[in-house]
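Trainee: I should like to learn how to read a helix and a chain contact in a model. May we proceed feature by feature?

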Amino acid sequence: MTNFGIHKALIAAGAVVGLAGAALAQDLPDDLRLDGAWEDLVVDQEPILTDVQFAKLNNLAFQAAVTKICDGYELDQAKFAEGLSDATYPSPATVTTPDDMKHWETAVYFRLGASYGIFLAEGNAHPDAFCANAAELKADAEVPNVWR
Amino acid sequence: MRKAILGATLMAAMATSGAVGLSQSAVAKDNTGAVIGGLVAGAVIGAAVASSVNHPSKIYVNPAPPPPPRPNPWANAFSPSPGVTCYPVQRACYKANGAYAANMTAKIFR
């Protein structure tokens, strides 16, 4: 995927950031997760990916958000593209035509961008904890990341 | 009160215009009393209609009952290890510090 493609995928996040911010007040003091925003995003989500693929997409969105919030992180474009391919392969069996593929890719990019937006909101609200967990991922040899 | 007078005048005018058509035949029948009675009745009705202007114009209808609350999507959250909570619906894990735990997410949802 080109840089343009990545930015295109993430640009949808802008609209979500405000939404996620609005949900912040609903959180309990000991829970930094934007429960309401995540609920709005995932509860009615069509099964465009498997559970494992959704989890991988979450991690990509998180890592993209980390580069905006935490110092010392930069996306490796090649790793990110490879990670996105890994997270989205195979496509659902229901995707059979080029038009289906186009619609499915759009849905995946939208979901990636929306998740990215919520992670931006969570991270900016509590950067210390957010970046501490980013550092933990970077140090974890068992889990690959897409940073340089 | 001005509205009542206006309404009465309006009704009277309507009654008069209607009476004009009748007056030609009414002259022959000498129904003057009936015409005057009609005018008086019109004035009374007009006043009543005009006074109704002050009545509330909005009709309140009981709102539909709110939809039942959605089931809690996080009810099936679980803790695979101390200090970690995972949310299957979100396919994500969070640490006790409150933030997203990418490495735990990768290990649990695979």
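**Reading a helix and an interface**

Mentor: The exposed residues A:Ala78, A:Ser85 and A:Asp86 sit on the face of α5(A) turned away from its buried side. Please bear in mind that this is a predicted model.

Trainee: Which residues of α5(A) are buried?

Mentor: As a general idea, an α-helix has 3.6 residues a turn, so residues three or four places apart point the same way. In this case the buried residues of α5(A) are A:Phe80, A:Gly83, A:Leu84, A:Ala87 and A:Thr88. They cover an arc of only 115 degrees around the axis, which puts them on the same side of α5(A).

Trainee: What does helix α5 of chain A reach from its first C-alpha to its last?

Mentor: Helix α5 of chain A, residues 77-88, has twelve residues and reaches 16 Å, close to the 16 Å expected at 1.5 Å a residue.

Trainee: How do the elements of chain B run from the N terminus on?

Mentor: Chain B has three helices and two strands, and their order is α-α-β-β-α. Of the 110 residues in chain B, 23% are buried.

Trainee: How many residues does the contact take from each chain?

Mentor: In general, the size of an interface is often given as the accessible area lost when the parts come together. Here, the residues are counted: 28 from chain A and 20 from chain B. On the side of chain B that touches chain A, β2 (92-95) and α3 (102-108) each supply at least two residues. The largest share, five residues, comes from α3(B).

Trainee: Into which classes do the residues of that side of chain B divide?

Mentor: Eleven are nonpolar, five polar and four charged.

How values were computed
Residues are numbered from 1 along each chain as its sequence is written. Chains are lettered from A and ligands numbered from 1 in the order in which they are written. This is a predicted model: local features need pLDDT of at least 70, side-chain atom pairs count only at pLDDT 80 or more; totals for chains, interfaces and linings use all residues. Helices (H or I, at least four residues) and strands (E, at least two) are DSSP runs, numbered from the N terminus. A residue is buried if 20 or more other C-beta atoms lie within 10 Å of its own, exposed if 12 or fewer, and partly exposed in between; C-beta atoms are placed from the backbone. The expected span of a helix is 1.5 Å times one less than its number of residues. The arc is that of the directions from the helix axis to the C-beta atoms. Two residues are in contact if their C-beta atoms, placed from the backbone, lie within 7 Å. Ala, Val, Leu, Ile, Met, Phe, Trp, Tyr, Cys and Pro count as nonpolar, Asp, Glu, Lys and Arg as charged, and the others, Gly among them, as polar.
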